[in-house]
Amino acid sequence: MIEQLKTTKNPLFSFELLPPLKGKSIQSVYDGIDPLMECKPAFVNVTYHREEFVYKKREKGFLEKISIKKRPGTVGICAAIMNKYKIEAIPHLICGGFTKEETENALIDLNFLGIDNVLALRGDPIKTESHFAAEKGGNEYAVDLVKQIVELNHGKYMDENLVNANPTNFSIGVSGYPEKHFEAPNLKADIRHLKEKIDAGADYVVTQLFYDNQKFFDFVDACRAAGIEVPIVPGIKPIESMRHITFLPKFFNIDLPCDLTDELEKCTTNDQVRVVGTEWAIQQSKELIAYGSPCLHYYTMGKSTTVKEIAQAVF
Ligand code: FAD
């Protein structure tokens, strides 16, 4: 597919989904995917969610620290999608919370399931951390995770005594930030680190969501100037509610262009916001296709109706 991306005139449609909250069934995942299957996605990404820590009140005023995972099931969902829809599913794999050995074991599980694609990420700090802290014996940056996956692709496992070990065949995606990662001192430094991930063996880049295409075009130019030659897939998220207008910039460290906020400010209901957000995403997508983007990747965040509307208007 990556080779196809380098030359295609017909851009691919793909989307990302979140595992459902713990306690929900796989049917809730299918209910979100089914409407989008009509738009023939080339692949589906499934996010990974780390544990969170909560404090439960116990006897005599003691507090007990408890680890909970609200959205488990990333790998199981990928296997279920591949089995049911016969399309590629790409689990996100993060450094946070994993030792290198646990990462290796997770990769072995993926390999046995026939899941040959991963999006390799560092992960964010958990809510109780002021900055990201790798697990003791874990990968510190996404580039370290990429290197570990590449080692496995060469049949090199952590146990050096293994002989004739099965080489895996992972294709590796990594993340890129047109408006820079929030911790990076500047875009140039961030792109230098992105190049390290590509040099380590990553095959393509998927970007953080953005609303100003010019920022994406400038980012691609800067990546190319820095020697990054792999496909760069833009990430698109339609604004669907009043809450998104403040939540998305804050959570993802991105700006909304004035033309967009001028329109959003006229809205008084979520329905009106959704109309503006959908139209913006359609125009954004059309412009990205005209620019030559090989694939457009949509963030559903658990809602497929709007993404379907956009995909039908664009592909
Ligand atoms: P890295 O590439 O490791 O970069 C992190 C920061 O460190 C950057 O500022 C970079 O410039 C800097 N840096 C990198 N290498 C070095 C180095 N050698 N020395 C010094 N500085 C360095 N999070 C999840 O928890 N689950 C998900 O499923 C998930 N999916 C995502 C999907 C996409 C498409 C994107 C864009 C993000 C996703 N995230 C996810 C969020 C991501 O984990 C965070 O943005 C995280 O803070 C950074 O991850 P990264 O892989 O970009 O990190």
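# Briefing: an enclosed strand, its partners and a ligand shell

Strand E7, which covers residues 171-176, is largely enclosed by the rest of the structure, because 6 of its 6 residues are buried. The model described here is a predicted one, and this briefing begins with E7 and its partner strands before turning to the ligand, to a second enclosed strand, to a hairpin and to several loop residues. In this text a residue is called buried if its relative accessible area is under 20%, exposed if that value is over 50%, and partly exposed in between.

**Strand E7 and its partners**

- Both faces of E7 are covered, since Ser171, Gly173 and Ser175 on one side are buried, and Ile172, Val174 and Gly176 on the other side are buried as well.
- In a regular strand the side chains alternate between the two faces of the sheet, which is why every second residue is listed together.
- Strand E6 (117-121) pairs with E7 in the parallel sense, and 4 bridges connect these two strands.
- Within that pairing, leucine 119 has glycine 173 of E7 as its bridge partner.
- On the way from E6 to E7 the chain passes through helix H5, made of residues 142-153, and the resulting β-α-β crossover is right-handed.
- E7 also runs parallel to E8, to which it is joined by 4 bridges, and here serine 175 stands opposite valine 206 in E8.
- A right-handed β-α-β unit is likewise made by E7, H6 and E8.

**The ligand and the residues around it**

- Which residues come nearest to the ligand? Of the 24 residues around it, these are Tyr48, Asp124, Tyr177, Asp190 and Lys197.
- A polar backbone atom of tyrosine 48 lies 2.7 Å from a nitrogen atom of the ligand, while a polar side-chain atom of tyrosine 177 is 2.7 Å from an oxygen atom of the ligand.
- Serine 175, which belongs to the buried residues of E7, has an N or O atom in its side chain that is 2.8 Å from an oxygen atom of the ligand.
- Taken alone, the ligand would expose 980 Å², and the protein buries 85% of that area.
- At least two residues of the shell come from each of strand E5 (88-94), strand E6 (117-121), helix H6 (187-200) and strand E8 (204-209), and H6 gives the most, with 4 residues.
- By residue type, the shell around the ligand divides into 11 nonpolar, 7 polar and 6 charged residues.

**Strand E10, a second enclosed strand**

- Strand E10, residues 295-299, is largely enclosed by the rest of the structure too, because 5 of its 5 residues are buried.
- Cys295, His297 and Tyr299 point one way from E10, whereas Leu296 and Tyr298 point the other way, and all of them are buried.
- Strand E1 (residues 12-17) runs parallel to E10 and is joined to it by 5 bridges, with leucine 296 in E10 as the bridge partner of phenylalanine 13.
- Strand E9 (residues 232-236) also pairs with E10 in the parallel sense, over 2 bridges, and isoleucine 236 stands opposite tyrosine 298 there.

**An antiparallel hairpin**

- Strands E3 (residues 52-57) and E4 (residues 63-68) run antiparallel and are joined by 6 bridges, with valine 54 standing opposite isoleucine 66 in E4.
- E3 and E4 form a hairpin with 5 residues between them, and lysine 60 in the turn has a positive phi of about 55°.

**Residues in loops**

- Lysine 40, in the loop between helix H2 (26-37) and strand E2 (43-46), has a positive phi of about 50° although it is not a glycine; this lysine 40 counts as exposed because its relative accessibility is 68%.
- Asparagine 253, which has its place in the loop between helix H8 (242-252) and helix H9 (258-265), is not a glycine either, yet has a positive phi of about 55°; with a relative accessibility of 36%, asparagine 253 counts as partly exposed.
- Is isoleucine 87, in the loop between helix H3 (74-85) and E5, buried or exposed? Isoleucine 87 is buried, because its relative accessible area is 15%.
- The C-alpha atoms of isoleucine 87 and phenylalanine 43 are separated by 6.0 Å, although these residues are 44 residues apart along the chain.
- Glycine 73 is found in the loop between E4 and H3 and, at 36% relative accessibility, counts as partly exposed.
- From glycine 73 to leucine 288 the distance is 33 Å, C-alpha to C-alpha, and the two are 215 residues apart in sequence.

Conventions
Residues numbered from 1 in each chain as written. Predicted model: local features only at pLDDT ≥ 70, side-chain atom pairs only at ≥ 80, totals over all residues. Heavy atoms only, no water. Near = heavy atom within 4 Å. Polar contact = N/O pair within 3.5 Å; in protein donor to acceptor, adjacent residues only side chain to side chain. Areas by Shrake-Rupley, 256 points an atom, 1.4 Å probe, with all protein chains shown as cover. Nonpolar A, V, L, I, M, F, W, Y, C, P; charged D, E, K, R; others polar. Buried < 20%, exposed > 50% of the residue type's maximum accessible area, 1.4 Å probe, protein only. Pairing = 2+ DSSP bridges. Right-handed = clockwise from strand over helix to strand, strands pointing away.
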